[in-house]
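Reader: Hello! I am new to this structure and would like a close look at one part of it. Could you walk me through its aromatic rings?

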Amino acid sequence: AQAEISLNRNRYRARYKLSVFQQQQGLYPGATGIPRAFDVGFIGNTSDIDLPRQEIGHYKLYTLQNIKLGKHWLEIEAGYQFNDRAEKSLPHAHGFEELDSNTTLALGLKLHSWQSNFRYKVHWGPADIVLGASQQFQNNRQSGFEYLIPNYTSFQSGVFAIAKGKINPALKWDAGLRWEYKQHSSALSTTRWWNDIDSIVQRSPEIDRVFSNIAAAAGLVYQLNENWLLKGHLARSFRASNVAELSYNGVHHGTFRHEVGNAKMNPEIAWQLDAGLE
(Lines give C-alpha, C1' and ligand atoms only; values in the text may rest on other atoms or scores of the structure.)
Protein backbone atom coordinates (compact mmCIF):
# COMPACT_ATOMS: atom_id res chain seq x y z
CA ALA A 1 0.00 0.00 0.00
CA GLN A 2 1.20 3.52 -0.70
CA ALA A 3 0.03 7.11 -0.54
CA GLU A 4 1.44 10.13 -2.34
CA ILE A 5 0.82 13.88 -2.35
CA SER A 6 2.36 16.59 -4.53
CA LEU A 7 2.57 20.39 -4.45
CA ASN A 8 3.52 22.56 -7.46
CA ARG A 9 4.36 26.26 -7.42
CA ASN A 10 6.38 28.47 -9.75
CA ARG A 11 9.52 28.31 -7.61
CA TYR A 12 8.80 25.33 -5.37
CA ARG A 13 7.71 21.77 -6.08
CA ALA A 14 7.39 18.96 -3.56
CA ARG A 15 6.33 15.33 -3.48
CA TYR A 16 5.78 13.15 -0.41
CA LYS A 17 5.35 9.40 -0.52
CA LEU A 18 4.60 6.77 2.13
CA SER A 19 4.66 3.06 1.32
CA VAL A 20 4.10 -0.11 3.36
CA PHE A 21 5.01 -3.57 2.07
CA GLN A 22 4.35 -6.82 3.91
CA GLN A 23 4.94 -10.38 2.78
CA GLN A 24 5.07 -13.94 4.07
CA GLN A 25 6.71 -16.69 2.08
CA GLY A 26 7.58 -20.27 2.81
CA LEU A 27 11.15 -21.56 3.04
CA TYR A 28 12.17 -24.98 1.77
CA PRO A 29 12.57 -27.16 4.90
CA GLY A 30 15.71 -28.80 3.51
CA ALA A 31 17.46 -25.39 3.49
CA THR A 32 17.04 -24.67 7.21
CA GLY A 33 18.65 -26.15 10.29
CA ILE A 34 20.58 -29.41 10.40
CA PRO A 35 20.08 -31.40 7.18
CA ARG A 36 17.66 -34.30 7.68
CA ALA A 37 16.37 -36.81 5.15
CA PHE A 38 12.80 -36.10 6.26
CA ASP A 39 13.09 -32.47 5.19
CA VAL A 40 14.43 -33.07 1.69
CA GLY A 41 11.65 -35.43 0.66
CA PHE A 42 8.04 -34.72 -0.28
CA ILE A 43 6.92 -31.48 1.40
CA GLY A 44 3.25 -31.48 0.39
CA ASN A 45 1.71 -28.27 -0.89
CA THR A 46 4.49 -26.14 -2.43
CA SER A 47 2.58 -22.93 -1.60
CA ASP A 48 2.48 -23.73 2.12
CA ILE A 49 3.82 -20.92 4.34
CA ASP A 50 3.89 -22.84 7.61
CA LEU A 51 7.25 -23.14 9.42
CA PRO A 52 9.87 -22.56 8.21
CA ARG A 53 8.91 -19.23 6.65
CA GLN A 54 10.08 -15.66 6.16
CA GLU A 55 8.07 -12.62 7.23
CA ILE A 56 8.99 -9.21 5.78
CA GLY A 57 7.75 -5.74 6.57
CA HIS A 58 9.19 -2.74 4.72
CA TYR A 59 8.17 0.85 5.51
CA LYS A 60 9.37 3.88 3.56
CA LEU A 61 8.86 7.62 3.86
CA TYR A 62 10.26 9.66 0.96
CA THR A 63 10.23 13.28 -0.19
CA LEU A 64 11.50 15.06 -3.30
CA GLN A 65 11.90 18.85 -3.08
CA ASN A 66 12.71 21.23 -5.93
CA ILE A 67 13.53 24.84 -4.99
CA LYS A 68 14.40 27.50 -7.55
CA LEU A 69 17.35 29.63 -6.43
CA GLY A 70 17.82 32.46 -8.89
CA LYS A 71 17.76 30.89 -12.36
CA HIS A 72 18.60 27.36 -11.26
CA TRP A 73 16.96 24.55 -9.32
CA LEU A 74 18.12 22.87 -6.12
CA GLU A 75 16.88 19.27 -5.89
CA ILE A 76 16.66 17.58 -2.49
CA GLU A 77 15.78 13.93 -1.86
CA ALA A 78 15.35 12.58 1.65
CA GLY A 79 14.01 9.33 2.96
CA TYR A 80 13.72 6.92 5.85
CA GLN A 81 13.29 3.16 5.50
CA PHE A 82 12.68 0.45 8.07
CA ASN A 83 13.10 -3.16 6.99
CA ASP A 84 11.89 -5.79 9.47
CA ARG A 85 12.79 -9.31 8.37
CA ALA A 86 12.13 -12.44 10.40
CA GLU A 87 12.92 -16.05 9.54
CA LYS A 88 10.96 -18.49 11.68
CA SER A 89 11.52 -22.21 12.13
CA LEU A 90 11.35 -24.92 14.79
CA PRO A 91 14.29 -24.76 17.22
CA HIS A 92 14.72 -28.55 17.53
CA ALA A 93 15.68 -28.66 13.83
CA HIS A 94 18.81 -26.68 14.74
CA GLY A 95 20.07 -28.78 17.65
CA PHE A 96 19.07 -26.36 20.42
CA GLU A 97 17.15 -28.81 22.60
CA GLU A 98 17.42 -26.49 25.62
CA LEU A 99 15.50 -23.70 23.87
CA ASP A 100 11.83 -23.15 24.54
CA SER A 101 9.93 -25.07 21.86
CA ASN A 102 7.67 -22.02 21.46
CA THR A 103 10.67 -19.91 20.37
CA THR A 104 10.37 -19.86 16.60
CA LEU A 105 12.40 -16.73 15.72
CA ALA A 106 15.47 -18.18 14.02
CA LEU A 107 16.76 -14.92 12.54
CA GLY A 108 15.49 -11.40 13.10
CA LEU A 109 16.99 -8.41 11.26
CA LYS A 110 15.80 -4.85 11.86
CA LEU A 111 17.47 -2.32 9.57
CA HIS A 112 16.93 1.45 9.85
CA SER A 113 18.18 3.57 6.93
CA TRP A 114 18.31 7.36 6.54
CA GLN A 115 19.31 8.80 3.16
CA SER A 116 19.59 12.23 1.55
CA ASN A 117 20.75 13.55 -1.83
CA PHE A 118 21.35 17.12 -2.96
CA ARG A 119 21.78 18.25 -6.58
CA TYR A 120 22.19 21.79 -7.90
CA LYS A 121 22.15 22.33 -11.66
CA VAL A 122 23.81 25.41 -13.12
CA HIS A 123 24.87 26.74 -16.53
CA TRP A 124 28.34 28.29 -16.65
CA GLY A 125 29.53 29.56 -20.01
CA PRO A 126 29.35 26.66 -22.49
CA ALA A 127 28.98 24.02 -19.77
CA ASP A 128 26.06 22.40 -17.94
CA ILE A 129 27.16 21.51 -14.40
CA VAL A 130 25.56 19.42 -11.65
CA LEU A 131 26.94 19.80 -8.11
CA GLY A 132 25.80 17.31 -5.53
CA ALA A 133 26.21 15.50 -2.25
CA SER A 134 24.76 12.31 -0.78
CA GLN A 135 24.63 10.77 2.69
CA GLN A 136 23.43 7.47 4.12
CA PHE A 137 23.28 6.18 7.69
CA GLN A 138 22.28 2.62 8.57
CA ASN A 139 21.74 0.81 11.84
CA ASN A 140 21.05 -2.94 11.99
CA ARG A 141 20.03 -5.05 14.99
CA GLN A 142 19.81 -8.83 14.87
CA SER A 143 18.16 -11.43 17.09
CA GLY A 144 17.12 -15.09 17.05
CA PHE A 145 18.85 -18.41 17.63
CA GLU A 146 20.50 -18.46 14.18
CA TYR A 147 23.26 -16.14 13.04
CA LEU A 148 24.01 -14.44 9.72
CA ILE A 149 25.16 -10.87 10.30
CA PRO A 150 26.18 -8.81 13.38
CA ASN A 151 24.71 -5.63 14.81
CA TYR A 152 26.32 -2.80 12.85
CA THR A 153 26.23 0.87 11.97
CA SER A 154 27.49 2.38 8.74
CA PHE A 155 27.81 5.90 7.39
CA GLN A 156 28.49 6.83 3.80
CA SER A 157 28.93 10.29 2.27
CA GLY A 158 30.02 11.67 -1.05
CA VAL A 159 30.32 14.96 -2.94
CA PHE A 160 30.48 15.16 -6.71
CA ALA A 161 30.49 17.40 -9.77
CA ILE A 162 29.36 16.43 -13.28
CA ALA A 163 29.78 18.67 -16.31
CA LYS A 164 29.27 18.52 -20.06
CA GLY A 165 29.65 20.97 -22.91
CA LYS A 166 30.94 21.74 -26.41
CA ILE A 167 34.36 22.90 -27.51
CA ASN A 168 32.98 23.52 -31.01
CA PRO A 169 29.96 22.20 -32.96
CA ALA A 170 31.80 18.98 -33.82
CA LEU A 171 33.51 18.28 -30.48
CA LYS A 172 31.63 17.55 -27.23
CA TRP A 173 33.03 16.66 -23.81
CA ASP A 174 31.83 15.39 -20.45
CA ALA A 175 33.57 14.85 -17.11
CA GLY A 176 32.83 13.92 -13.53
CA LEU A 177 34.57 13.82 -10.15
CA ARG A 178 33.38 12.24 -6.89
CA TRP A 179 34.94 11.93 -3.44
CA GLU A 180 33.47 9.21 -1.23
CA TYR A 181 33.78 8.36 2.45
CA LYS A 182 32.44 5.26 4.18
CA GLN A 183 32.68 4.03 7.77
CA HIS A 184 31.52 0.62 9.00
CA SER A 185 31.45 -0.45 12.67
CA SER A 186 30.29 -3.69 14.28
CA ALA A 187 31.02 -5.27 17.65
CA LEU A 188 32.49 -8.71 18.31
CA SER A 189 29.72 -11.28 17.89
CA THR A 190 29.58 -14.70 19.55
CA THR A 191 26.93 -17.44 19.59
CA ARG A 192 26.39 -20.81 21.19
CA TRP A 193 27.56 -23.83 19.24
CA TRP A 194 24.63 -25.96 18.14
CA ASN A 195 25.86 -29.31 19.54
CA ASP A 196 27.06 -27.87 22.87
CA ILE A 197 24.75 -25.21 24.27
CA ASP A 198 27.35 -24.19 26.88
CA SER A 199 30.13 -23.47 24.38
CA ILE A 200 30.75 -20.06 22.78
CA VAL A 201 32.18 -19.45 19.31
CA GLN A 202 33.11 -16.24 17.52
CA ARG A 203 30.98 -15.56 14.48
CA SER A 204 32.17 -12.08 13.45
CA PRO A 205 35.16 -10.09 14.76
CA GLU A 206 35.04 -6.51 15.94
CA ILE A 207 35.20 -4.26 12.89
CA ASP A 208 35.90 -0.54 12.59
CA ARG A 209 36.84 0.28 9.01
CA VAL A 210 37.06 3.59 7.15
CA PHE A 211 37.22 3.83 3.35
CA SER A 212 37.86 7.00 1.37
CA ASN A 213 38.84 7.58 -2.23
CA ILE A 214 38.21 9.39 -5.52
CA ALA A 215 36.28 8.34 -8.62
CA ALA A 216 36.58 10.29 -11.86
CA ALA A 217 35.69 10.10 -15.54
CA ALA A 218 36.21 12.13 -18.74
CA GLY A 219 35.14 11.63 -22.31
CA LEU A 220 35.15 13.18 -25.78
CA VAL A 221 32.83 12.77 -28.76
CA TYR A 222 34.03 14.05 -32.15
CA GLN A 223 31.71 14.14 -35.15
CA LEU A 224 33.88 13.39 -38.15
CA ASN A 225 31.04 14.02 -40.58
CA GLU A 226 27.30 13.52 -40.79
CA ASN A 227 27.73 9.71 -40.77
CA TRP A 228 30.58 9.03 -38.33
CA LEU A 229 31.26 9.64 -34.63
CA LEU A 230 34.57 9.05 -32.83
CA LYS A 231 34.31 8.47 -29.05
CA GLY A 232 36.81 8.11 -26.22
CA HIS A 233 36.25 7.69 -22.47
CA LEU A 234 38.54 7.19 -19.46
CA ALA A 235 37.23 6.40 -15.96
CA ARG A 236 38.53 5.50 -12.52
CA SER A 237 36.03 3.86 -10.15
CA PHE A 238 36.06 3.02 -6.45
CA ARG A 239 33.88 0.61 -4.46
CA ALA A 240 34.17 0.02 -0.72
CA SER A 241 33.49 -3.41 0.77
CA ASN A 242 29.91 -3.85 1.96
CA VAL A 243 28.65 -5.33 5.23
CA ALA A 244 28.10 -8.79 3.75
CA GLU A 245 31.65 -9.00 2.40
CA LEU A 246 33.10 -7.89 5.74
CA SER A 247 31.08 -9.73 8.36
CA TYR A 248 28.68 -12.42 7.10
CA ASN A 249 29.09 -15.80 8.80
CA GLY A 250 25.99 -17.96 8.55
CA VAL A 251 23.50 -19.72 6.32
CA HIS A 252 21.83 -17.39 3.83
CA HIS A 253 18.58 -19.21 3.05
CA GLY A 254 17.89 -16.98 0.06
CA THR A 255 21.02 -18.31 -1.67
CA PHE A 256 21.00 -21.77 0.00
CA ARG A 257 24.62 -21.51 1.13
CA HIS A 258 26.81 -20.63 4.10
CA GLU A 259 28.41 -17.23 3.47
CA VAL A 260 31.58 -16.06 5.21
CA GLY A 261 32.95 -12.51 5.03
CA ASN A 262 36.48 -11.20 5.41
CA ALA A 263 36.90 -8.28 7.85
CA LYS A 264 40.21 -7.32 6.19
CA MET A 265 38.88 -7.13 2.64
CA ASN A 266 40.21 -4.14 0.72
CA PRO A 267 38.11 -1.84 -1.46
CA GLU A 268 38.14 -2.20 -5.22
CA ILE A 269 39.71 0.30 -7.60
CA ALA A 270 39.28 -0.08 -11.34
CA TRP A 271 40.36 1.76 -14.48
CA GLN A 272 38.32 1.68 -17.68
CA LEU A 273 39.25 2.89 -21.13
CA ASP A 274 36.76 2.87 -24.02
CA ALA A 275 37.18 3.98 -27.60
CA GLY A 276 34.70 3.59 -30.43
CA LEU A 277 33.80 4.50 -33.97
CA GLU A 278 30.13 4.66 -34.90
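Which residues form one aromatic cluster?

Author: Happy to help! Please keep in mind that this is a predicted model. The cluster you ask about is made of Tyr80, Trp114 and Phe137.

Let us start with two of its members. Tyr80 and Trp114 form an aromatic pair, with 5.3 Å from centre to centre and 45° between the planes. That angle makes the pair tilted, because planes under 30 degrees apart would count as stacked and planes over 60 as edge-to-face. Tyr80 belongs to strand E4, which covers residues 72–88, while Trp114 belongs to strand E5, residues 105–124, so the pair ties together parts that are 34 residues apart in sequence. Neither ring's residue counts as buried: Tyr80 is partly exposed, with a relative accessible area of 28%, and Trp114 is partly exposed too, at 39% relative accessibility.

Now for another pair. Phe155 and Tyr181 are also tilted, at 6.4 Å centre to centre and with 55° between the planes. Here the link joins distant parts of the chain, since Phe155 sits in strand E7 (residues 152–168) and Tyr181 in strand E8 (residues 171–186), 26 residues apart. Phe155 is partly exposed at 31% relative accessibility, and Tyr181 is partly exposed as well, with a relative accessible area of 22%. In the whole structure, a search finds 5 aromatic pairs, including the two described here.

While we are at strand E8, have a look at Gly176, which has its place in that strand. Gly176 is partly exposed, at 22% relative accessibility. Setting aside neighbours within four places in sequence, Gly176 is in contact with Ala161, Ile162, Ala215, Ala216 and Ala217. Gly176 and Leu131 are 45 residues apart in sequence, and their C-alpha atoms are 9.9 Å apart in space.

Finally, aromatic residues also turn up in the nonpolar cores. The largest nonpolar core has 7 residues, and Tyr152 and Tyr248 are among them, together with Leu107, Leu109, Leu148, Ile149 and Val243. Not counting residues up to four places away in sequence, Tyr248 touches Leu148, Ile149 and Val243, along with Glu259, Val260 and Gly261. A second, separate core has 6 residues, including Phe211 and Phe238 as well as Ile207 and Ala240.

How values were computed: Residues are numbered from 1 along each chain as its sequence is written. This is a predicted model: local features need pLDDT of at least 70, side-chain atom pairs count only at pLDDT 80 or more; totals for chains, interfaces and linings use all residues. Side-chain values use heavy atoms; hydrogens and water are left out. Rings of Phe, Tyr and Trp (its six-membered ring) pair if their centres lie within 6.5 Å; planes under 30 degrees apart count as stacked, over 60 as edge-to-face and the rest as tilted. Helices (H or I, at least four residues) and strands (E, at least two) are DSSP runs, numbered from the N terminus. Buried means under 20% relative accessible area, exposed over 50%, partly exposed in between (1.4 Å probe, protein chains only). A nonpolar core is a set of buried Ala, Val, Leu, Ile, Met, Phe, Trp, Tyr and Cys residues joined through side-chain atoms within 4.5 Å. Contact means heavy atoms within 4.5 Å.
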